[in-house]
Amino acid sequence: MDERSKTSNPYAETVTSMSPLLPKNPYTGQKQKMNPERAKLVADALRSGKYKQGRGALHHNGCHCAAGVMCEVALQNGLELEVNKNWLTTTFDGNISMMPHSVSKWYNEDRFGWLFALNDTYGADFDQIATVFDNLAAE
């Protein structure tokens, strides 16, 4: 990430330090462990330059949110999803803006609210979000 993007996003430090704050299982209190190989696949995809970043929808008007990239990665790596494309929007298992449960399960992670907050609320760029996935892959 270049110096300009570090300073243009006031949440940059918060975003890159998010992995210790990731959700715990509400029943066991244990931090959920994402599949590390799959976390690395997401980090690589987010940095690939293949996806233009968008907000509020998995894939709309040529743009993906980070969760939409996760859907694409899962699909490319063998997860069967119902994908419907119209002239502007792609749905995954009928979802336009929320990650399908089958995708969450594929990553071994039940709760991705933090991801939607980083992408849609805090305006983190894909490189910053990829850093969180790097941390998940290293755990």
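This is a tour of a predicted model, in the order in which its residues can be selected.

**Confidence**

Colour the chain by pLDDT to begin. The average for the protein chain is 82, and 75% of the residues score at least 70. Then select residues 1-7, where pLDDT stays under 50. For this stretch the model has six contacts beyond four places in sequence.

**Helix α6 and Asn-119**

Select residues 113-121, which form helix α6. Its buried residues are Trp-114, Leu-115, Phe-116, Leu-118 and Asn-119. Just past the helix, Gly-123 has a positive phi of about 70°.

Now show the side chain of Asn-119. Is Asn-119 buried or exposed? With a relative accessible area of 1%, Asn-119 is buried.

Which backbone atoms lie by the polar atoms of this side chain? One is the backbone oxygen of Gly-54, 3.0 Å from a polar atom of the Asn-119 side chain. Another is the backbone nitrogen of Ala-66, at 3.3 Å from a polar atom of that side chain.

Expand the selection to the contacts of Asn-119, leaving aside neighbours within four places in sequence. They include Gln-53, Gly-54 and Arg-55, along with Cys-65 and Ala-66. Further along the chain, Ala-124, Phe-126 and Ile-129 are also in contact with Asn-119.

**Tyr-51**

Go next to Tyr-51, in the loop that runs between α3 (36-47) and β1 (52-53). Tyr-51 has a relative accessible area of 11% and is buried. A C-alpha to C-alpha distance drawn from Tyr-51 to Ala-66 comes to 9.3 Å, for a separation of 15 residues in sequence.

Which residues are in contact with Tyr-51, leaving aside its neighbours within four places in sequence? They are Ala-45, His-64, Val-69, Glu-72, Gln-76 and Phe-126. Phe-126 was met earlier, as a contact of Asn-119. With Gln-76, the side chain of Tyr-51 also makes a polar contact of 3.1 Å.

**The cysteines**

Select Cys-65, already seen among the contacts of Asn-119, and add Cys-71. How many disulfides are there? The count comes to zero. Cys-65 is in no disulfide, and the nearest cysteine sulfur, that of Cys-71, is 7.5 Å away. Why is there no bond from Cys-71? The closest cysteine sulfur to its own is the one in Cys-65, and 7.5 Å is too far for a bond, because a disulfide needs the two sulfur atoms within 2.5 Å.

Both residues can be checked for accessibility. Cys-65 is buried, at a relative accessible area of 1%. Cys-71 also counts as buried, with 0% relative accessibility.

**Salt bridges**

The whole structure holds three salt bridges. Start with Lys-40 and Asp-44, whose side chains meet at 3.0 Å, N to O. Both residues belong to helix α3, four residues apart, or about one turn of the helix. An α-helix has 3.6 residues a turn, so residues three or four places apart point the same way. Lys-40 is partly exposed, with a relative accessible area of 45%. Asp-44 is partly exposed as well, at 38%.

Move along α3 to Arg-47 and show its side chain together with that of Asp-127. The two side chains meet in a salt bridge of 2.8 Å, N to O. This pair links distant parts of the chain: Asp-127 is in helix α7 (residues 126-138) and Arg-47 in helix α3, 80 residues apart.

Keep Arg-47 displayed and add Asp-134. Here too the side chains meet in a salt bridge, at 2.8 Å, N to O. Arg-47 lies in helix α3 and Asp-134 in helix α7, so the pair ties together parts that are 87 residues apart in sequence. Through salt bridges that share partners, Arg-47, Asp-127 and Asp-134 are joined into one network.

How accessible are the members of the network? Arg-47 counts as partly exposed at 36% relative accessibility. Asp-127 is partly exposed, with a relative accessible area of 23%, and Asp-134 is partly exposed at 30%.

Terms used:
Residues are numbered from 1 along each chain as its sequence is written. Side-chain values use heavy atoms; hydrogens and water are left out. Helices (H or I, at least four residues) and strands (E, at least two) are DSSP runs, numbered from the N terminus. Buried means under 20% relative accessible area, exposed over 50%, partly exposed in between (1.4 Å probe, protein chains only). A polar contact is a pair of N or O atoms within 3.5 Å; within protein, one must be able to donate a hydrogen and the other to accept it, and residues adjacent in sequence count only if both atoms are side-chain atoms. Contact means heavy atoms within 4.5 Å. pLDDT is the predictor's confidence in each residue, from 0 to 100. A salt bridge is a side-chain nitrogen of Lys or Arg within 4 Å of a carboxyl oxygen of Asp or Glu.
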